[in-house]
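This report describes metal and ligand sites in one structure. The sequence and the model come first, and the text then goes through the sites in turn.

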Amino acid sequence: MSKMSGLLRGWLTRCTALLGGLATMTAAHAEGLSYDGAKWNMPQGVSVISHEVYDMHMLAFYVCCAIGVLVFGVMFYSIFAHRRSKHPKPADFHESTTIEIIWTIIPFIILIGLAVPAAGTLIKMEDSSHSAMTVKVTGFQWKWHYEYAGQGVSFYSTLAADSNKARQLGSGIDPNTVPNYLVDVDHPLVLPIGEKIRFLITGNDVIHAWWVPDFAIKKDAIPGYVNEAWVNIQVPGTYRGVCAELCGRDHGFMPIVVKAVPKAEYEAWLTQEKAAEAAGNSQADVPVPVAGAATATTATATAATEAAPAPATPAAPAAAAGKDMSKADLIAAGAKVYAANCQACHQASGEGMPPNFPALKGSKIATGPVAGHIEQILNGKKIMPPFRQLSDTDIAAVATYERNSWGNDAGIVQPSQVAALRK
Amino acid sequence: MATNAANQSSRYFVPAPSAWPFILTIALLTIVYSVGAWLEERQLPTNAMIICGVALLLYIVFRWIRDVVLESEGARYNAQVDRTFRWGMTWFIFSEVMFFGAFFGALFYTRELSVPWLGGLGSKVMTNVTLWPGFEAGWPSNGPGAVGGSFGTMPAFGIPLINTILLLSSGVTITMAHHALKAGKRPLTVLWMIATVAFGAGFLFCQAHEYIEAYTKLNLTLHSGVYGSTFFMLTGFHGLHVTLGTIMLIIITLRLMAGHFKPDSHFGFEGVAWYWHFVDVVWLCLFVVVYWL
Amino acid sequence: MAHAHDHTHGSDHGHDHAHDEHAHHGPDKGIMRWIKTTNHKDLGTLYLFFSFTMFFIGGLMSLVIRAELFHPGLQFVQPEFFNQMTTMHALVMIFGGIMPGFVGLANWMVPMMIGCSDLALPRVNNWGFWLLPFAFAMLLSTLFLPGGAPAGGWTMYPPLILQTGAAFPLLIFAVHMMGISSITGAINVVVTILNMRAPGMTLLKMPMFVWTWLITAYLLIAVMPVLAGAVTMLLTDKYFGTSFFSAAGGGDPVMYQHIFWFFGHPEVYIMILPAFGIISTIIPTFARKKLFGYDSMVYAVAAIAFLSFIVWAHHMFTVGMPVTAELFFMFATMLISVPTGVKVFNWLATMWRGSMTYETPMLFAIAFVFLFTIGGFSGLMLALVPADFQYQDTYFVVAHFHYVLVPGAVFSIIAAVYYWIPKWTGRMYNEHWGKIHFWMSAIFINVLFFPQHFLGLAGMQRRVPDYNVAFTDFNEISSIGAFVFFLTQFIFIINMLACCFGWFGRKRDLPARVWEGARGFEWTVPSPAPYHTFEDQVELPDYELSMGGNGEHAH
Ligand code: HEA
Ligand code: HEA
Ligand code: CUA
Ligand SMILES: [Cu+2]
């Protein structure tokens, strides 16, 4: 009985709140989707884009309200004023070309008014170039895997234990007692603020969707394909999202948590992680299955990376400097060589300046067979001059740098391989 | 408009209540249910069930067709009913076109979009770089996983060309048959029909040969990635339609021998002819986009 | 439905049936009548009872969903079972409820509206119906298989759907059978309309309901085979080693989505165009005023049908299409608002300065205009790609399509049944209970679905059995709406059955023209409509056109 009245009071407050909510639809929820108490509206989010999206949403909402008021106003007036008791004699008009043209044109104009800003925002959202860092996101049944490209840091992110306990059928645990019920994870994704971060999103088994409302990012994680998205977080904080594509039994239980921190903090965290991984006491050494349903996938993937050094190895002994260098050293050296020789055309971002200066990011050459890559550096091509003057080590280093930057991940090149291909 | 002289009734023919559709559905259900059980290796006497289902299905189809033939020969159909059949057949064939459309669409999509994307072309560079490094787009393709192992393809100007000629000729012969029928030359009609059936059978023979070739010599199978999938699904469903078409051709040939159809009213014949031409056209598309290009 | 007990022979309007014995002997007796019937009225009745049964089953499933979602945490069912409920709920409602409901109405009314004796291919018509109960028996039986029913959502996306157990092939074959049923039904309607109109009824004199069904039938013939193709590829991918939807073999899971939605989007208009026709029939009757802009109504429906073929990818904005494709599909989708708007405005103009009374069918028709438009607005918001990134796969979408489907399609079916049941049974429904049914339905459908807009915007995703406690309030409200709305429907069905079987001493005392404002062939035959009507074609007097169609046309 008292429970009853409790419920009732509950609804009363909610209904009033509901009205209030409608009234204050515009009131920004800058703190974003922090899941604290009822919300009526889309979060404004914490990036420039997410604000644009929010404005787009509100614009469309108000346009529809306006049209609604008009249309329904007319309808209800007619329902009231033209009922038989008040208006016994029906008029007998049934056509008016002018008015029909008018109410075809006006909606059309309104639509253009909506389409233009929408198109603008969309084009910005889909341009993930010039990003400062890249995170590879892989959806699993039913957890997420994150990999910081080129940092050697990667880990799984799974539903927090307390939520997981409470969500079992008949667990007897009241979800209200669990902090961030179903939107908390064991190992959140940590990101720096104020930087353009690119996400490479894919799925391991079935389609998932990586959704963080506060970033206005929702992209499907599709097995065998990679989708790109990006965000530039403005406000530090914890942002929560969920998997937004039905992916089987526990689709509702693979949340996303992002901790956005100042750059310095992020760097600190990153070094810690690296240390942890080096010490091996982190998930990092869990092998990450390559996306794409088939085992054949893994086969080709590894095959390709192994294949790279292969052609050179026989010639290796011939090369004077037979000793191989570590990936880290090569990349470090390569970065300098690149800045000195290549950056002017191919840009720091590796995006180049197409059409004349092609991008190295993801390019066939810089990610294809090693031999082709080295030969192009040695001999040049079209307007690109040859760089034979550089030492084997420099060329190996810069090639390695190019094959492992901007999301490229195509193995390393040793000076011996360059030596083999000179002449 | 061809009108059956015997029936000028203004009344539209409404058939008597019939149990065939209901029983036909039972047969259909038996078949699909047991095929489903068989695919899932469930503990059911699937083979027996399938046989019973098919037997019942064939029996009902026969009885149903028989009723229609008797009604038609019994001059129950007036000009309006005749128009109904024409419209009905037209839209049925249209629905068949859309069915093939789905598979042609799949061929277009895989060939023009998904395979190139996997190869790093277009907007999906990172797909290739991060997941399938070293995979070069091209066609025919069984994908970056090289699913089904390396395979060969059917040269367009071998058997497929022969099949094209066979079907085109059958299109001609059935038209000749039609003219002969309209001219009331029944024996000639039958001869042309027999030729048509022969061409149809010939086509099926060649295709069977082609499939055996593909499986035994070329290692081209249903498993050969998207190429194998689209190749066999398209040609396979077409072959199925040719088979049905041939059976229908045989039926009307027998009906012609039995003296059915009149020079001025023979929709049964024309319907089958339309269907046959449709199968013919589908083949031409197949020949061009599947074998040739 | 008049014939559920007794039936009236065609002979009771004294034609001479000399040269067609079949018209003479009425239906068989007992169950055989329903199994063997080739009569469009019998089959219409069967379709409607089937549809109603499916609405009921689908409704029960939705109650399982709503019960589980009443509170956060799992109270009643395991996640797998929840997903099965979601999937089956949708399949049952769409393929078992709405579509057969509309086909049933077409069976009953199209021949009576264009003045012909039956559908063009009566035996095929019978087959089209009987496929459905068997297909759904098979589909529903999967609930009891090891591994349970399909749980991959009604959209059946691979790779997930390929993880289905023993239910998988039965799902595929059930879809095939439904497809055959829809195609045969559609061909029947098209041929009937093109070939069997009464003399003098030109295309542009046809009632709107007939027009909308003609175009719907075209959509069906065009897209059902495509769905059949899509699910066939699923079948071969699972059992015969093809790679249509697997990247390793060069395929693409997203390709399935393209093929499915090429069917799926026209499908949603298949579920609304006949509703437009019903509303365009009912409003003029009770406004006692000719339908405004008949021609533009026809062109609008045609335009919507055309556009429905080039907007499918608006269901796939998050799959990562090239931006140009996203832009194209956004613009095309938004464009659909224009012809739809034309229809809404025409309905208002028809009501304007009419002389309206508010019998139950009219009330449901008005609720349709109001609530469908709200659903349309949310649809327009969904069409804006940047915003859709936030809406997609949330309860905002669920709210959108329930607004267009339940107070849209379902309300139109309910309105149609109220509107025509006196003609079918010769007995008037109880207006008092009709109004109660209306107000309960109209209020609780909003209690049920309006809060789901907020849930979606606040971040609650679809197809989940459990949620963060922040969403509790609106889910509670929604669930309560669901239960009351469901129970309310019993008022309706009892009211209708009473007309069929003459409960509560309801008398057969209705004139041919049940609604004084109604025009058209169906109102020229006695109520209840005799078992055989318009066996000999008659010319339609012009004043009968003057409301439904546009008399002036002499094309
Ligand atoms: C009867 C069924 C029906 C109908 C009629 C509609 C109508 C529309 N739908 Fe909807 N839709 C569905 C059923 C339907 N939909 C279903 C079932 C789904 C989900 C499927 C799933 O994922 O499970 C869906 C999903 C869906 C999506 C995908 C959402 C997502 O998953 O991210 C989109 C996106 O564009 C969309 C858009 C539209 C639009 C623009 C219309 C337009 O036709 C609406 C046009 C009408 C109006 C706009 C109102 C009246 C017009 C005026 C008063 C004129 C003036 C107005 C303006 C100028 C704005 N729908
Ligand atoms: C026409 C289609 C239709 C109809 C009528 C309904 C009706 C209802 N739906 Fe459903 N629903 C869908 C189509 C429909 N739905 C689809 C396509 C999905 C997506 C599935 C997926 O994600 O894959 C969905 C999903 C869906 C969800 C989301 C599930 C999830 O994401 O996990 C929910 C949750 O609340 C829900 C609830 C309801 C409720 C409470 C009703 C109530 O309205 C039920 C009560 C209604 C009735 C009892 C019927 C009354 C009708 C009559 C009385 C007419 C009589 C007819 C004759 C006389 C002929 N539905
Ligand atoms: Cu992962 Cu849903
Ligand atoms: Cu759509």
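Which backbone has a polar atom 3.4 Å from an oxygen atom of ligand 1? The residue is A383(C), through a polar backbone atom. The model in which this contact is found is a predicted one.

**Ligand 1**

The shell around ligand 1 holds 32 residues, and W154(C), Y269(C), D388(C), H400(C) and R462(C) come nearest. Chains A and C both contribute residues to these surroundings, so the site is shared between chains. In chain C, at least two shell residues each are supplied by helix 8, helix 12 (337-351), helix 13 (360-383) and helix 15. Helix 13 of chain C gives the largest share, with eight residues. By class, the shell of ligand 1 consists of 19 nonpolar, 11 polar and two charged residues.

Two side chains can be named with polar atoms facing ligand 1. W154(C) places a polar side-chain atom 2.8 Å from an oxygen atom of ligand 1. In the side chain of H400(C), an N or O atom is 3.0 Å from a nitrogen atom of ligand 1.

**The copper ion**

The iron atom of ligand 1 is 4.4 Å from the copper ion (ligand 4). Three histidines of chain C serve as protein donors of this copper ion: H265(C) through ND1, and H314(C) and H315(C) through NE2, at 1.9 to 2.1 Å. Along the chain these donors follow the spacing H-x48-H-H. The pair H265(C) and H315(C) links distant parts of chain C, 50 residues apart: H265(C) sits in helix 8 (residues 253-270), and H315(C) in the loop between helix 10 (294-307) and helix 11 (323-335).

Are H265(C) and H315(C) buried or exposed? H265(C) has a relative accessible area of 4% and is therefore buried, the limit being under 20%. H315(C), at 24% relative accessibility, counts as partly exposed.

**Ligand 2**

Ligand 2 has 35 residues around it, of which R66(C), H89(C), H402(C), R462(C) and R463(C) come nearest. Its shell comprises 24 nonpolar, eight polar and three charged residues. Five helices of chain C supply at least two shell residues each: helix 3 (40-69), helix 4 (79-114), helix 15 (395-425), helix 16 (431-458) and helix 17 (472-501). The largest share, eight residues, comes from helix 15 of chain C.

The table lists side-chain contacts of ligand 2.

| Residue | Atom of ligand 2 | Distance |
|---|---|---|
| H89(C) | nitrogen atom of ligand 2 | 2.8 Å |
| H402(C) | nitrogen atom of ligand 2 | 2.8 Å |
| R463(C) | oxygen atom of ligand 2 | 2.7 Å |

H89(C) and H402(C) are also the protein donors of the iron atom of ligand 2, each through NE2 and at 2.0 Å. Why is the arrangement of the six donor atoms around this iron atom octahedral? The donor atoms subtend angles of 88 to 178°, and six donors count as octahedral if opposite ones are over 155 degrees apart and all others between 65 and 115. H89(C) belongs to helix 4 of chain C and H402(C) to helix 15 of chain C, so the pair ties together parts that are 313 residues apart in sequence. Both H89(C) and H402(C) are buried.

Conventions:
Residues are numbered from 1 along each chain as its sequence is written. Chains are lettered from A and ligands numbered from 1 in the order in which they are written. This is a predicted model: local features need pLDDT of at least 70, side-chain atom pairs count only at pLDDT 80 or more; totals for chains, interfaces and linings use all residues. Side-chain values use heavy atoms; hydrogens and water are left out. Donors are N, O and S atoms within 2.8 Å of the metal (3.2 Å for Na, K and Ca); water is not among the atoms, so sites may look incomplete. Helices (H or I, at least four residues) and strands (E, at least two) are DSSP runs, numbered from the N terminus. Buried means under 20% relative accessible area, exposed over 50%, partly exposed in between (1.4 Å probe, protein chains only). A residue is near a molecule or strand if one of its heavy atoms lies within 4 Å of it. A polar contact is a pair of N or O atoms within 3.5 Å; within protein, one must be able to donate a hydrogen and the other to accept it, and residues adjacent in sequence count only if both atoms are side-chain atoms. Ala, Val, Leu, Ile, Met, Phe, Trp, Tyr, Cys and Pro count as nonpolar, Asp, Glu, Lys and Arg as charged, and the others, Gly among them, as polar. Four donors count as tetrahedral if all angles lie between 85 and 135 degrees; four count as square planar and six as octahedral if opposite donors are over 155 degrees apart and all others between 65 and 115; anything else is irregular.
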